[in-house]
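Reader: I would like to learn how to read the overall build of a protein model, and then one sheet in it. Can we start with the whole chain and work inwards?

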Amino acid sequence: MTRAAQLAANARAIASSLAGLARGMVDIPSEQLDSMAPIEIPEVDSKQLDSFVDTVADQTKGDALVLLGLSSPDMLRRFRDRLPVDRALVIVEPSLDIAIRLLSQHDFSDVLSMPYVSIVFGARDQALMEEFTILINQWGIGEIQMIPNPMRPMDERITTLVAGMIRDSVRAVELSSATGARYGPQVLASICANLDPAVSGVDLAELSQRYAGIPAFCVAAGPSLDRDIGLLAQARERGIIIAADAAVPVLMEAGIAPDVVTTIDVIDTKSVVFEKYYVKDALLVALLAAHPKIVNAWIGPRAFVVDNHPLALWASQHIVRPSHFVGLGNVAHLSFAFARGLGCDPVVLVGTDMAAGRDGRTYAKGVIHHPPEVQVLREEDMPKTTEVPANDGKPVRTFTNMVSYIHTFSNFALAGGAAFTTAAEGARITGIPHRPLKDLIAENDPQPIARPLAGHAPTRTDTVERRSALLKCVEELERDLERYTDDAEVFVEVAERARNDIARGEIDSEKGLRLLVPYIESLRQHKEIIEMIEPLQPAVIYELNRISRKATAMDNPVERAQARITTLAGASAGAIPLSRILIDELKKSVKSLARPLPGKGQ
């Protein structure tokens, strides 16, 4: 078997759990694989291997065992056979080179095809974290134990790095679940409320690459902005100022007008900023899910961008061509991504500390969207923080959710182009080195810059036509959601009745599951709605995946059948309340879009 064929066979084995990684594996050119040096797997005494596997398996608890370092298929197979069937086995290989060489030269397909077995590897820490996060969600993993592979000795630095990656992945899943549960309904409401203004938004496609080669200074409201604020007037003579919403008061009080202001907040903390400060000729670039009070407080041109939220992706087909960005956990991410979309190079992060200052302050002076008492780290905040390395080589404290945001910036940096951060005491971002702002200004001469950046909004005639077309699409979506909700309610009711009948012994497990078949078939007609609504409940999906994994170890057929019914009907049960919320919000959108457009024709 050729190396390319062997790698493809191993890729097929993990495709069900990590489709993206599998696709990346088969895309590696065969010439590159053939040029790699052979790598042999050392022979290990069978008794010693069994003893090691038995010892680890006996001592391991929780939902998953992470083996640090890929070695032999035989070792992995013995681990999988020895572990409980509901305990996942994840191999983390820190070396991309070793992973590709082993997987292209040796057959791991049998063991990687086993239930709850997979491998993660990549060219960077962020890729490892993303892949591991996918597995945590797919398999409902919570408690994880990691052991180094004795066949692959590694230094303590790598072990610590991988342990941190696992910890950050678990936190990312917990944060996603908590955020979805807390803000999910508001996101639906915000997207629906912003549909009408988005119809007349600025077409960002016109601005694509318009400012190629011009520096962009992306200004956030971190504490280091205090040090750099006096230099930003000179920076504006050399490039574009893209301000995060929270930084607007600081800039305006210093007499510096940003060219672009970005906002993504799902909750309303920033409308007070735009109510107090009018930024003449600036363009607001808002996430479609941003709170409508923030969007409506802005006076001036507006443009909208979308992320991977299913409703936002649906909406993107029916509004002015929005830019599509992924990974927007923080408003500074949008500023950076938008600068790249304009073609700006370099991109300079100003006030983007991603950490608290060493005096405990979390914001620059002059920020108004939070009261002063919460602009510093308090004693009650400390359990929610962690230490990370700063650009000056010393440790600095940041909130745990910021760790994933830092990784996102590193991921952005890999796309190419020069990028720098001016925050000496800010969190270190791989791929974005620190440079003092005064040095960057000195290296770039003043230049004429076409302002304003507003671009063009559609004419009144186009807006009227687009509103009419969008109205029809919203009404159709509302009707589809109502039909889905009706069918889902019936399905959940039948499933609950089957669960209870099985528990009482009135029907056997096989009959109980058969009863659900016609209702499952009925739901299949709502494929597009299901793909939109069910992913909006990450906590529910995580729990259902956990139950599904646990069910594999259940010996009692009644318990196993009940767990199966729960996993079949649980997503629908969780989606019904969200579907009702979305229906109500779409009704509001219908009323808004049905109103005549105010003002005179053009």
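Author: Start with burial, where a residue counts as buried under 20% relative accessible area. In this predicted model, buried residues make up 52% of the 602 residues. The accessible surface comes to about 26,700 Å², and carbon and sulfur atoms hold 52% of that surface.

Reader: How many helices and strands does the protein have?

Author: The count is 23 helices and 14 strands. The radius of gyration is 27 Å, close to the 25 Å that the globule rule gives for 602 residues, so the protein is as compact as a globular protein of that length. The C-alpha trace spans about 75 × 55 × 55 Å along its principal axes.

Reader: Among contacts between residues at least 6 apart in sequence, what percentage join residues at least 24 apart?

Author: The figure is 74%.

Reader: Now the sheet. What is the order of its strands?

Author: Read across the open sheet of eight strands, the order is 10-9-8-7-6-5-11-14, and the pairing is parallel. Strand 10 (323-324) and strand 14 (419-421) are at the edges; each has a single partner strand, so one side of each lacks a neighbour in the sheet.

Reader: How many bridges pair strand 9 with strand 10?

Author: Two bridges, in the parallel sense, join strand 9 (residues 302-306) to strand 10. Val306 has His324 in strand 10 as its bridge partner.

Reader: Which strands does helix 16 touch?

Author: Helix 16 (residues 331-342) packs on the sheet and touches strands 5, 6, 7, 8, 9, 11 and 14. The direction of helix 16 makes about 155 degrees with that of strand 6 (240-244).

Key. Residues numbered from 1 in each chain as written. Predicted model: local features only at pLDDT ≥ 70, side-chain atom pairs only at ≥ 80, totals over all residues. Heavy atoms only, no water. Pairing = 2+ DSSP bridges. Helix = DSSP H or I, 4+ residues; strand = E, 2+ residues; numbered from the N terminus. Contact = heavy atoms within 4.5 Å. Axes fitted to C-alpha atoms, helices over the stretch in contact; angles between N-to-C directions. Rg over C-alpha atoms; globule rule 2.2 N^0.38 Å. Buried < 20%, exposed > 50% of the residue type's maximum accessible area, 1.4 Å probe, protein only. Areas by Shrake-Rupley, 256 points an atom, 1.4 Å probe, with all protein chains shown as cover.
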